[in-house]
Amino acid sequence: MSKEEVFIGSVDQGTTSTRFIIYDKSARPIGSHQVEFTQFYPEAGWVEHDPMEILESVKLCIAKAVDKATADGYNVDKGLKAIGLTNQRETTLLWSKSTGCPLYNAIVWMDARTSSVCRKLEKDLPGGRTHFVESCGLPISTYFSAVKLLWLMENVDAVKAAIKKGDALFGTIDTWLIWNLTGGVHGGLHVTDVSNASRTMLMNLKTLDWDKTTLEILGIPAEILPKITSNSEVIGKISKGWPIPGIPIAGCLGDQHAAMVGQACRKGEAKSTYGTGAFILLNTGNEIIKSNHGLLSTLAFKLGPKAPTNYALEGSIAIAGAAVQWLRDSLGIITSASEIESLALEVDSTGGVYFVPAFNGLFAPWWRDDARGVCIGITRFTSKAHIARAVLESMCFQVKDVLDSMHKDAGEKGEVLNEKGEFLLRVDGGATVNNLLMQIQADLLGSPVVRPADIETTALGAAYAAGLAVGVWKEDEIFASGQKVKTSTIFRPVLSEELRNKKVDSWCKAVGRTFDLADLSI
């Protein structure tokens, strides 16, 4: 007798790895597979991915996860109802409609090559850095897709030629995957969803459509852009040549928006995802809140074509888990990411060392692309354990900077407190298995941190969106967050307020030291 017969799959295409997770009707993972893929650094500050390698990674993960679940007695072939898709946002590529081949590598969200494009736009446009904030909620920054697209249009001959011939298609990673999954050159669907589109700088947050004025100002042809859908609807079916042909793609969200759904964040609730970067989002309901403290107004989710739109305030941190990878891969201080916790526990403080991982500049709330990484307070006493602990602290200080800005922007109205009057930060992502990191986070915030039993909430959120679209779950089941908190781990602050304030002052001093370092001589 095979086990329960209703399954939803989820493709989670991240910055450094791809995974496919299969969930049962109770939203429990019953099979998964994950692979890392290549990061290309052609020049300082440049980061690229090979779009074909990403496609292969998705194909492999789907096949292996289905094999594993089937071997465990689950009839996935019969019971799989739909898949959802979630992805690294802003990462930009163009490909040929006729051949299906990329016209250049994908330019990754953290890539900083476009700083000169940004400077020029800021100089030429009357609104400067905030010229497009009114329409899209985003400042002009190397982070967003539009400036990456402009760089490709200006610097890559194959892109210029394809646009001229009408053979170019633009997309973020979700669009590239859906186009290929639904047939590619044989009728593939050229679509994106509202959450990914909201990160391009090209979508109007109110109309949820491409902003004509922005396209005209930037000289971007509308015909290369995909159609925008909601986060939860049947987009199309998977074509032949993939491991699960005929299965509907029924949910699509950028990774941080998927995590909000996976964490069941309702209005006034916030989550922080710790991955390559760290991303903190506060659901502001149907209201677009403008930030005066360096945050982004963005879309949270829209769970169906006729569903209400939820908006969010977001603070994006470029380097979080990536700093741990840097300790492992570039410095060799640790041999696996999981070792950082035991190394940092060898000391009970950083010994006065402060590390700011401004490798490609700083995102929220500073928005300084002239910043570069610093490690200050080093003495002969400093050991690799102090540096490891300072790296963990840097992740938590950055999250605190963003949450402080959020509290100022949203005010008391915009936040939900628990019965003890505490603001709870929901956390997720791979780095949250590190108990020391979570305790440091609670200590520096001075408020509790809640870690769910299933920390892979990004994949879960995409599965929820797909399951909602095909009737496997109802919205109130997904947002029954009281149930989730029962199985969560809560970290409460133990650090004194006096020491917390001193440490925050030292951190701010360290951040100030990172500015205006982009032109240091080689």
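Helix axes here are lines fitted to C-alpha atoms over the stretch in contact, and angles run from 0 to 180 degrees between N-to-C directions. All views show a predicted model.

**Figure 1. Helices H1 and H7 cross at roughly 60°.** Two packed helices are described by the angle between their axes and the distance between the axes. Here the partners are H1, residues 51–71, and H7, residues 173–181. Their axes come within 11 Å. The crossing is right-handed. On the H1 side, the contact is made by Pro 51, Met 52, Ile 54, Leu 55 and Val 58. H7 contributes Ile 173, Trp 176, Leu 177 and Asn 180.

**Figure 2. The whole protein chain, for orientation, has 18 helices and 23 strands.** The radius of gyration is 22 Å, close to the 24 Å that the globule rule gives for 522 residues, so the chain is as compact as a globular protein of that length. The C-alpha trace spans about 65 × 60 × 45 Å along its principal axes. Of the 522 residues, 62% count as buried. The accessible surface comes to about 20300 Å². Carbon and sulfur atoms account for 52% of that surface. Take the contacts between residues at least 6 apart in sequence: 72% of these join residues at least 24 apart.

**Figure 3. Seven strands form an open sheet.** The strand order is E17-E18-E16-E15-E21-E22-E23, and the pairing is mixed. Strand E17 (296–301) and strand E23 (489–491) stand at the edges. Each has a single partner strand, so one side of each is left without a neighbour in the sheet. From one strand to the next, the twist averages 30°. Within this sheet, E16 (residues 278–285) and E18 (residues 310–317) run antiparallel. Seven bridges join them. To locate the pair, find Asn 283: its bridge partner in E18 is Ala 312.

**Figure 4. An open sheet of six strands has the order E3-E2-E1-E5-E14-E13.** Its pairing is mixed. The edge strands are E3 (29–36) and E13 (232–237). Both have a single partner strand, so one side of each is left without a neighbour in the sheet. Neighbouring strands are turned by 25° against each other on average, direction ignored. E13 pairs with E14 (residues 248–254) in the antiparallel sense, over three bridges. One marker for this pairing is Ser 232, whose bridge partner in E14 is Gly 251.

**Figure 5. Helix H10 lies across strands of the seven-strand sheet and of the six-strand sheet.** H10 covers residues 255–262. In the seven-strand sheet, H10 lies across E15 (270–274), E16, E17, E18 and E21 (425–428). The helix runs at about 55° to E17. In the six-strand sheet, H10 lies across E5 (80–87) and E14. There the angle to E14 is about 105°. How many of the eight residues of H10 are buried? Eight of eight are, and the helix is mostly covered. The buried residues are Asp 255, Gln 256, His 257, Ala 258, Ala 259, Met 260, Val 261 and Gly 262. Just after H10, Ala 264 takes a positive phi of about 55°.

**Figure 6. Helix H14 lies across E15, E21, E22 and E23.** H14 comprises residues 435–445. Strand E22 comprises residues 449–451. The helix runs at about 150° to E22.

**Figure 7. Glu 456 lies in the loop between E22 and helix H15 (457–469).** Is Glu 456 buried or exposed? Its relative accessible area is 18%, and the cut-off for buried is under 20%, so Glu 456 counts as buried. Leaving aside neighbours within four places in sequence, Glu 456 is in contact with Arg 19, Ile 21, Tyr 23 and Gly 430.

**Figure 8. Ala 518 is in the segment after helix H18 (497–513).** Its relative accessible area is 43%. That value lies between the 20% and 50% cut-offs, so Ala 518 is partly exposed. Leaving aside neighbours within four places in sequence, Ala 518 is in contact with Asp 369, Asp 370 and Arg 372. Ala 518 and Arg 372 are 146 residues apart along the chain. Their C-alpha atoms are separated by 6.3 Å.

Terms used: Residues numbered from 1 in each chain as written. Predicted model: local features only at pLDDT ≥ 70, side-chain atom pairs only at ≥ 80, totals over all residues. Heavy atoms only, no water. Pairing = 2+ DSSP bridges. Helix = DSSP H or I, 4+ residues; strand = E, 2+ residues; numbered from the N terminus. Contact = heavy atoms within 4.5 Å. Buried < 20%, exposed > 50% of the residue type's maximum accessible area, 1.4 Å probe, protein only. Rg over C-alpha atoms; globule rule 2.2 N^0.38 Å. Areas by Shrake-Rupley, 256 points an atom, 1.4 Å probe, with all protein chains shown as cover. Left-handed = near helix turned anticlockwise from the far one by under 90°.
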